[in-house]
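Me: Got a model here. Can you walk me through its cysteines and charged pairs?

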Amino acid sequence: MKLKYAIIGTGALGGFYGGMLAKAGHSVDFLVNNDYHFVKEHGLKVDSVLGDFHLKTVSAYAKATDMSPVDVVFVCLKTTQNHLLKELLPPVLGKETVVVLLQNGLGVEEDLAKDFPELNIAGGLAFICSNKVGPGHIAHLDFGKIIIGIHQGEKSNVAKQACDDFNQAGVEAEFSDNLLLARWQKLVWNIPFNGTTVVLNTTTDRLVRSEATKSLIYELMEEVVKGANACGAPLQEDVARKMIAMTENMTPYAPSMKIDFDHHRELEIEYIY
């Protein structure tokens, strides 16, 4: 079966991942907010380290109520907008639909399950440097791997097929049998780098170039690892060292929380911290 996808939130993540699927020939509907008219007229442009592309025709919608049920929904909104999901999701839900929360932090799946107790819910982790730089314009700077795991429902086959579709589209994707572990692993990076770039008004490259801030980042990572272990998500002992080494080789980057802070937007404090 060929899956039909919907992207809720066509920003840095939704624009890139949905764009890659659409470029590979998959059916993808995009819910677009402020720049709907621009995307409808000019399409979606992605400048990517994997190769630039421009989707001149996009199945874009300004309102969820105009959309139809699909097989897989990727929620790519900031978690500060999750209160909108009670209205945004029903139009795209069929009996077998899987909703993947491609978001940061802990507890997003549990909170969605409170409002949709019968829904097939999965979590997604994006290890990517990507920003929205203009109307219908995404800049993918580095990385891009995605991990998907099931939270509730018996739809691991659909999640695995979505991973296969991503891999065939040129995006590294992996299915995880332990979503909690994957979420904690992402937090090892998110907790120190998101907050510290805001507090010190800086970028990732400057943090790891300075021995003082690099040491601070490492200590924060170690705290997150201890928290993960205490909560039943045993992480490898060298995960902090590996993530710092990864960041040292990464394109200089301002994480999403830093960009939100600079633009005076609400920060994703609740689920990340």
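Reply: One term up front: buried means under 20% relative accessible area, exposed over 50%, partly exposed in between (1.4 Å probe, protein chains only). By that cut-off Cys 163 is buried, at 4% relative accessibility. This is a predicted model: local features need pLDDT of at least 70, side-chain atom pairs count only at pLDDT 80 or more, and totals for chains, interfaces and linings use all residues. Residues are numbered from 1 along each chain as its sequence is written, and side-chain values use heavy atoms, with hydrogens and water left out.

Me: How many disulfides?

Reply: The count is 0, where a disulfide is a pair of cysteine sulfur atoms within 2.5 Å. For Cys 163, the nearest cysteine sulfur is that of Cys 76, 14 Å away.

Me: And Cys 129, what is its nearest cysteine sulfur?

Reply: That of Cys 76, 16 Å away. Cys 129 is buried, at 2% relative accessibility.

Me: Switching topic. How many salt bridges?

Reply: 13 salt bridges, each a side-chain nitrogen of Lys or Arg within 4 Å of a carboxyl oxygen of Asp or Glu.

Me: What does Asp 35 pair with?

Reply: Lys 132, at 2.9 Å, N to O. The two sit 97 residues apart. Asp 35 is buried at 8%; Lys 132 is partly exposed at 39%.

Me: Which residue meets Arg 183?

Reply: Glu 109, at 2.7 Å, N to O. Both Arg 183 and Glu 109 are buried.

Me: Which residues share a network with Arg 265?

Reply: Arg 265 bridges to Asp 260 at 2.9 Å, N to O. Shared partners join Lys 78, Asp 260 and Arg 265 into one network.

Terms used: Helix = DSSP H or I, 4+ residues; strand = E, 2+ residues; numbered from the N terminus.
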